[in-house]
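Let's go through this fold together, one question at a time. Have the sequence and the 3D view ready, and try each question before you read on.

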Amino acid sequence: MTGRFEILQSVNGKYTFRLIASNGAIILSGGFFNTKHEAEQTIKKIRENLNSTEKIIKKTSSNDYYYFVVIDENRKVIAKSEMYATESGRENSIYSAIRNTQEAHPDLERV
């Protein structure tokens, strides 16, 4: 089983997405978009940008949790990971995001 992108539509009609690993864990989440097409275009950028380590920015939250963001060519954040208690958890998640992104298929669900 491979990972997958889920494109979700909220009750207010906005779209978002998340990357789900093959084990069911959420790896990345996106912001909100007015159209499904905008969410799909951002997923396409993520597929391209996760091939470049310079597009992955490692961060630490104010309460010492570890996470990473994926940026586009303009250095705008286009996806954010879950929070991890350890740096190794974040590193494993980056590896999982890279592997799962290349094989993931988008699905549409309504939330």
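Q: Are F17 and F33 buried or exposed?
A: The scale to use is relative accessible area: under 20% is buried, over 50% is exposed, and anything in between is partly exposed, with a 1.4 Å probe and protein chains only. Keep in mind that this is a predicted model, where local features need pLDDT of at least 70 and side-chain atom pairs count only at pLDDT 80 or more, while totals for chains, interfaces and linings use all residues. Residues are numbered from 1 along each chain as its sequence is written, and side-chain values use heavy atoms, with hydrogens and water left out. On that scale, F17 and F33 are both buried.

Q: How many aromatic pairs are there?
A: Rings of Phe, Tyr and Trp (its six-membered ring) pair if their centres lie within 6.5 Å; planes under 30 degrees apart are stacked, over 60 edge-to-face, and the rest tilted. Go through the model with that rule and the count is two.

Q: What kind of pair do F5 and F17 make?
A: F5 is in strand β1 (residues 4–9) and F17 in strand β2 (residues 15–20), twelve residues apart, so you're looking at a link between distant parts of the chain. Strands here are DSSP runs of E with at least two residues, helices are runs of H or I with at least four, and both are numbered from the N terminus. The ring centres are 6.1 Å apart and the planes sit at 70 degrees, so the pair is edge-to-face.

Q: What kind of pair do F17 and F33 make?
A: F17 is in strand β2, while F33 is in the loop between β3 (26–29) and α1 (36–49), so this pair ties together parts 16 residues apart in sequence. The centres are again 6.1 Å apart. The planes are at 20 degrees, so this pair is stacked.

Q: Which residues do the ring pairs link into a cluster?
A: Start with F5 and F17, which are both buried. Then add the stacked partner of F17, namely F33. Together the ring pairs make a cluster of F5, F17 and F33.

Q: Which strand does β2 join through six bridges?
A: Two strands pair if DSSP finds at least two bridges between them. β2 meets β3 in the antiparallel sense, but over three bridges, with I20 opposite I26. I20 is also the bridge partner of R4. The antiparallel partner over six bridges is β1.

Q: Which residue takes a positive phi in the hairpin of β2 and β3?
A: In the hairpin of β1 and β2, with five residues between the strands, G13 has a positive phi near 90 degrees. The hairpin of β2 and β3 also has five residues between its strands, and there the positive phi, near 95 degrees, belongs to G24.

Q: How many of the six residues of β2 are buried?
A: One residue to look at is L19, which lies in β2 and is buried, with a relative accessible area of 0%. Counting along the strand shows that β2 is largely enclosed by the rest of the structure, because the number of buried residues is five.

Q: Which residues does T42 touch?
A: T42 is in helix α1 and counts as buried at 10% relative accessibility. Contact means heavy atoms within 4.5 Å. Not counting residues up to four places away in sequence, T42 touches F17, F33 and I78.

Q: Within what arc do the buried residues of α1 fall?
A: The buried residues here are A39, T42, I43, I46 and N49. The arc is taken from the directions from the helix axis to the C-beta atoms. Seen down the axis, these residues line one face of the helix, because they fall within an arc of 130 degrees.

Q: Is D64 buried or exposed?
A: D64 lies in the loop between β4 (56–60) and β5 (66–71). Its phi is near 65 degrees, a positive value in a residue other than glycine. Most residues other than glycine have a negative phi. With a relative accessible area of 55%, D64 is exposed.
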